[in-house]
Amino acid sequence: MLEKKVYYFLKIITLFAFSGQKDFSIKEVARRTGISIKVLEQVLLALKNKGILGSKRGPGGGYRLIKDVSNMSIMDVLSLTGKEIRILPALAEPGRNIIDNVMVDILGAVEGELKELLSRKLIKDLVAGMKARATENGLTYII
């Protein structure tokens, strides 16, 4: 399960990538993503500080995508948040029992495969999925 912070980063980056060069106010991003304004302020500022978004103050201002994120992977977004994927905490005790050894081996392999998969899944894949669903359902765009 992805932490909420990672999920929010993904939702926001995908919204902006889907919308192209459109400016969004915080209220509009909140409406489209369902993320509270209080949390959004933190995430948008973090994305601005990472060089993903730019902002403009005043009437007609808002946030805008300033970096091409289409080839950014989900793992790249994960790294922006400073979070890691961990399936099982490392059990580095020298006297682990056989069950622990087997669990660590299997879950370590699952963790590696998940990281590989998330490295292959790109923002443009998420955008393509949104476009396909919007076309199927006759929606504009709602994340």
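Reader: Are F16 and F24 buried or exposed?

Author: This is a predicted model. Buried here means under 20% relative accessible area. F16 meets that cut-off, and so does F24. Both residues are buried.

Reader: Why is the pair of F16 and F24 given its class?

Author: A pair of aromatic rings is described by the distance of the centres and the angle of the planes. The count comes to 1 aromatic pair. The ring centres of F16 and F24 lie 5.2 Å apart, and their planes stand at 90°. Planes over 60 degrees apart count as edge-to-face. So the pair of F16 and F24 is edge-to-face.

Reader: Which element gives the largest share of the largest nonpolar core?

Author: That core has 33 residues, and those with the most contacts inside it include I12, I13 and F16. Elements giving two or more residues to it include α2 (26–33), α3 (37–49) and β2. The largest share is 9 residues, and it comes from α1.

Reader: Which residues does L53 touch, leaving out those up to four places away in sequence?

Author: L53 is among the residues with the most contacts inside the largest nonpolar core. On one list with I12 and F16 stand L44, L47 and K48. The rest of the residues L53 touches are Y63, R64, L65 and I66.

Reader: In the hairpin of β1 and β2, which residue takes a positive phi?

Author: Strands β1 (residues 53–56) and β2 (residues 62–65) run antiparallel, joined by 4 bridges. S55 has its bridge partner in β2, Y63. The hairpin has 5 residues between the strands. The residue with a positive phi, near 90°, is G58.

Note on methods
Residues are numbered from 1 along each chain as its sequence is written. This is a predicted model: local features need pLDDT of at least 70, side-chain atom pairs count only at pLDDT 80 or more; totals for chains, interfaces and linings use all residues. Side-chain values use heavy atoms; hydrogens and water are left out. Rings of Phe, Tyr and Trp (its six-membered ring) pair if their centres lie within 6.5 Å; planes under 30 degrees apart count as stacked, over 60 as edge-to-face and the rest as tilted. Buried means under 20% relative accessible area, exposed over 50%, partly exposed in between (1.4 Å probe, protein chains only). Two strands pair if DSSP finds at least two bridges between them. A nonpolar core is a set of buried Ala, Val, Leu, Ile, Met, Phe, Trp, Tyr and Cys residues joined through side-chain atoms within 4.5 Å. Contact means heavy atoms within 4.5 Å.
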